[in-house]
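This report describes how two parts of one chain meet and how the strands of a sheet are arranged. The sequence and structure are shown first.

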Amino acid sequence: MAETLTPTIEDYLGLIYLLEREGQVVIGARLARRLGVSRPTVTATLQRMVRSGLVRMNERKEVSLTPSGQELAENLLRRHMLAEWLLRDLVGLPWHQVHEEADRLEHHFSEQAVERLEAIFQREACPHGNPMPGAETVQSIPLLEAGEGEEVVIVRISEEAEEKRELMAFLEANGLLPGTHLRISSLRPYNETVTVEVAGRPVVLGWAVARFIRVRREGDVAG
């Protein structure tokens, strides 16, 4: 039976795709937490998606996309990222707001509109640095793996962070965007903070924030 691709089903497909891409095991509890819904709701939706051939579920209740589910998820993510660039570059929406607004737009683009947006923007990643489906992933490490005194460049902000509007606003206000050069001033395990220099200005980050930032060391090839 073919599943009608409602915005809810598309949201599930997109999240499962992103979790798989990050190498995380996809289970119902994780989906419920990220989507902000109950576990019974997730279970019922996944059962529908299994019947429709969009996902598989093994004996440990781990979820994975089928080839058809993968294709649909990639199309959704591409529409989402193009919507982000549209909102950022043409509409002029602040960087920290484009993810939330793109969530509303992504379900309504026609294929013709997507083709036009791809021709206009020709991007390999979203405004937050996360790669488009099919694009090469830029090698990066978590910010907290860099050592004191090292100089690094922000590669991307994790997709999970994009869902946290206040966090994204903090990052934007402090210039912590993809392409920004940083110097690691100090790492303090005893109070779980890292201090970075951004254009000569110190910014203190808790580890709970720093874990969302991925960087490459200065001198490493970006690619």
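Across the interface of domain 1 and domain 2 in this predicted model, twelve residue pairs are in polar contact, both residues of each pair being at pLDDT 80 or more. On the side of domain 1 that touches domain 2, at least two residues each are supplied by α1 (7-21), α2 (28-35), α4 (67-91) and α5 (98-105). Sorted by class, that side of domain 1 has seven charged, six polar and five nonpolar residues.

Five salt bridges are counted between domain 1 and domain 2. A salt bridge also joins the side chains of Arg165 and Glu100, with an N to O distance of 3.1 Å.

The two domains are taken from the domain assignment of the chain, which places domain 1 at 1-131 and domain 2 at 141-217. To the contact, domain 1 contributes 18 residues and domain 2 contributes 16 residues. Their C-alpha centres are 26 Å apart.

The size of an interface is often expressed as the accessible area lost when the parts come together. Between domain 1 and domain 2 the buried area is about 1,600 Å², and carbon and sulfur atoms give 45% of it. Which three residues supply more than any other three of the area that domain 1 buries against domain 2? They are Arg34, Trp95 and His96, with 39% of that area.

**Salt bridges in the structure**

The structure as a whole holds 15 salt bridges. One of them is formed by the side chains of Glu10 and Arg79, at 3.0 Å from N to O. Because Glu10 belongs to helix α1 and Arg79 to helix α4, this pair ties together parts that are 69 residues apart in sequence.

**The six-stranded sheet**

Six strands form an open sheet in the order β3-β8-β4-β5-β6-β7, and the pairing is antiparallel. The edges are occupied by β3 (141-142) and β7 (201-206); each has a single partner strand, so one side of each is left without a neighbour in the sheet.

Four of the strand pairings are set out below, each with one residue pair.

| Strand pair | Bridges | Residue pair |
|---|---|---|
| β3 and β8 | two bridges | Pro142 and Arg214 |
| β4 and β8 | five bridges | Ile154 and Val215 |
| β4 and β5 | three bridges | Val152 and Leu182 |
| β6 and β7 | six bridges | Val194 and Leu205 |

At the β3 edge, the partner is strand β8 (residues 213-217), which runs antiparallel to β3. Within β8, Arg214 is the bridge partner of Pro142, while Val215 is the bridge partner of Ile154. Strand β8 is also joined to β4, again in antiparallel sense.

Strand β4 spans residues 151-157 and pairs with strand β5, residues 181-188. In β5, Leu182 stands opposite Val152.

At the other edge, strand β6 (residues 193-198) runs antiparallel to β7, and Val194 stands opposite Leu205 of β7. The hairpin of β6 and β7 has two residues between the strands, and Ala199 in this hairpin takes a positive phi near 55°.

Notes. Residues numbered from 1 in each chain as written. Predicted model: local features only at pLDDT ≥ 70, side-chain atom pairs only at ≥ 80, totals over all residues. Heavy atoms only, no water. Domains from an automatic or database assignment. Contact = heavy atoms within 4.5 Å. Buried area = accessible area lost by both parts, 1.4 Å probe. Salt bridge = Lys/Arg side-chain N within 4 Å of Asp/Glu carboxyl O. Polar contact = N/O pair within 3.5 Å; in protein donor to acceptor, adjacent residues only side chain to side chain. Helix = DSSP H or I, 4+ residues; strand = E, 2+ residues; numbered from the N terminus. Nonpolar A, V, L, I, M, F, W, Y, C, P; charged D, E, K, R; others polar. Pairing = 2+ DSSP bridges.
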